[in-house]
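Biologist: I should like to go through this structure with you, one question at a time. Please show it first.

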Amino acid sequence: LNYIAKLYLNWTSKDRNTVLMAAKIGIISEHKPGEGRIPLTPVQIKQLHKDNPELTITVQPSSQRVFQDDEFLSQDIAMSNDLMDANLVMAVKEIDVNDIHAGQAYLYFSHTIKGQDYNMSMLQHILDTGATLLDYELIRDDKDRRLVFFGRHAGLAGMVNTLWSYGQRLKVLGVDNPFMQIKQAQDYANLEEINLSLQILGSEISRWLADKPAIVIGVTGYGNVSRGAQEILANLPMHEITAKELLTTDLDAMNGQIIKVVFKEEDMFEPVDPSAVFELQDYFNHPEKYRAKFQPYLKKMHMLVNCIYWDTPYPRLVTLEDIKAHYESDKTLMVVGDITCDIDGAIQFNTGATLSPDPVYVYDIKSGDQLMGFKGEGPLVMAVDNLPTELPREASEAFGEALIPFVYAMGACDYSEPFESLDLPAEVKRAVIAHAGKLAPDFEMLKKYLKA
């Protein structure tokens, strides 16, 4: 946040005085069912208009957005279905290809940078029309740190849903338990209500656990997603131990407690070469030299909350063979909240994303099938891939605050200029995937996925 504030102050004191051109931005309505978020809230747009008289932001009406149309109108924000005169069109999730036109720039989470096959036709359409595509995920500083993200809110909602899933799974198994009182994140009014209800429930959980074995919750990673998940856990009576202690501690001596374990890279992976030692930067640079060492933890955990980014060629955290071997013996791991939700990724038995109305399935150990709901022989998987939309108002507010320093520059940019001449902050220029019918230089490797 300090970095973004400094960036904004530098820009307002220098560049803004030399680029006083009209900036027109349109915010399109989301077409994906259940998506209630927006990149900028009514209050934020009003403030942007006040600070930048030459900036115009027009919002397309929407019946599913958490911010109602009246909230924009009450702030004197223009609303129109026609966004054709916008220099930049913004959304949260992918824009329908029918709404992508030549000569316009588009900013949203495109889910294309890994060569995701389900969005390659969309990317090809952008190239064919000569439009420009920017992606929030790629707005980064010079140290490659993301600046605009929903990660914390994914962690918040994902942890709530994992605890809810655990309670419902125990119920199906015939175990009456206080976790059954937890709701899905989307069914609470706001984050404040979630925190208060869990704090009240904490004492009841402690009484229920008093004569029972400890419940162990593993959280992978320590970034924004993980911090959001741990923020929710902090509402409950919690005892934290390290990954090493999890393997060496007599958990029977910790009966009646909820135990949290946060796993770092060195806890989860090891060099393939037994004579080598784990080095974090070497792992990032050469992941093919490493393998997972996570299986011994499975028999110690009841819930696993996965918060780590995954891509090939990084090793998987839990393979199909790992989970099958586990269920042939211990069956301790009951629920996996795969918050980052990389299909067939770090959690290999995450075989498909789910939606909030039907958020969980059991991975059938014998057949490998998804059994929607809570019944079945295998781990329960919570794999909602748009978790922040379950906290749409708070998520939008936090997201917009991070985006504000870049808004005017993106709206004022002349996208008809060659890529090399685009007048964008360096942090935003890194986010340009396609421009004027061509892939940006840093993303030419996507050609192979487009051809496929």
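Biologist: Which residue of strand E7 stands opposite Ile-259 in E8?

Modeller: In this predicted model, strand E7 covers residues 239–241 and is joined to E8 by three bridges, the two running parallel. The residue opposite Ile-259 is His-239.

Biologist: Through which helix does the chain cross from E7 to E8, and with what handedness?

Modeller: The chain leaves E7, passes through residues 243–248 and enters E8. This β-α-β crossover runs through helix H9 and is right-handed.

Biologist: How many bridges join strand E6 to E8?

Modeller: Strand E6 spans residues 215–220 and runs parallel to E8. Within this pairing, Val-219 stands opposite Val-262. The number of bridges joining E6 to E8 is six.

Biologist: Is strand E8 largely enclosed or not, and which of its residues point the other way from Ile-258, Lys-260 and Val-262?

Modeller: Six of the six residues of E8, residues 258–263, are buried, so the strand is largely enclosed by the rest of the structure. In a regular strand the side chains alternate between the two faces of the sheet. Ile-258, Lys-260 and Val-262 point one way, and those pointing the other way are Ile-259, Val-261 and Phe-263.

Biologist: How many residues of helix H6 are buried?

Modeller: Helix H6, residues 151–172, reaches 31 Å from its first C-alpha to its last, close to the 32 Å expected. Just after H6, Gly-174 takes a positive phi of about 90°. The helix is largely enclosed by the rest of the structure, because the buried residues number 19 of the 22.

Biologist: Is Pro-39 buried or exposed, and what separates its C-alpha from that of Ala-395?

Modeller: Pro-39 is found in the loop between strand E1 and helix H3. Its relative accessibility is 0%, so Pro-39 counts as buried. Its contacts beyond four places in sequence include Tyr-136, Phe-399 and Leu-403. Although Pro-39 and Ala-395 are 356 residues apart along the chain, their C-alpha atoms are separated by 9.3 Å.

Biologist: Which residues does Ser-356 contact beyond four places in sequence?

Modeller: Ser-356 is in the loop between strands E12 and E13. With 8% relative accessibility, Ser-356 counts as buried. Its contacts beyond four places in sequence are Gln-184, Gln-186, Val-384 and Glu-390.

Biologist: Over which residues does pLDDT stay under 50?

Modeller: The chain averages a pLDDT of 94, and 95% of the residues score at least 70. Where pLDDT is low, the predicted coordinates should not be read in detail. The stretch under 50, for which the model has eleven contacts beyond four places in sequence, is residues 13–20.

Methods:
Residues numbered from 1 in each chain as written. Predicted model: local features only at pLDDT ≥ 70, side-chain atom pairs only at ≥ 80, totals over all residues. Heavy atoms only, no water. Helix = DSSP H or I, 4+ residues; strand = E, 2+ residues; numbered from the N terminus. Expected span 1.5 Å × (residues − 1). Buried < 20%, exposed > 50% of the residue type's maximum accessible area, 1.4 Å probe, protein only. Pairing = 2+ DSSP bridges. Right-handed = clockwise from strand over helix to strand, strands pointing away. pLDDT = per-residue confidence, 0-100. Contact = heavy atoms within 4.5 Å.
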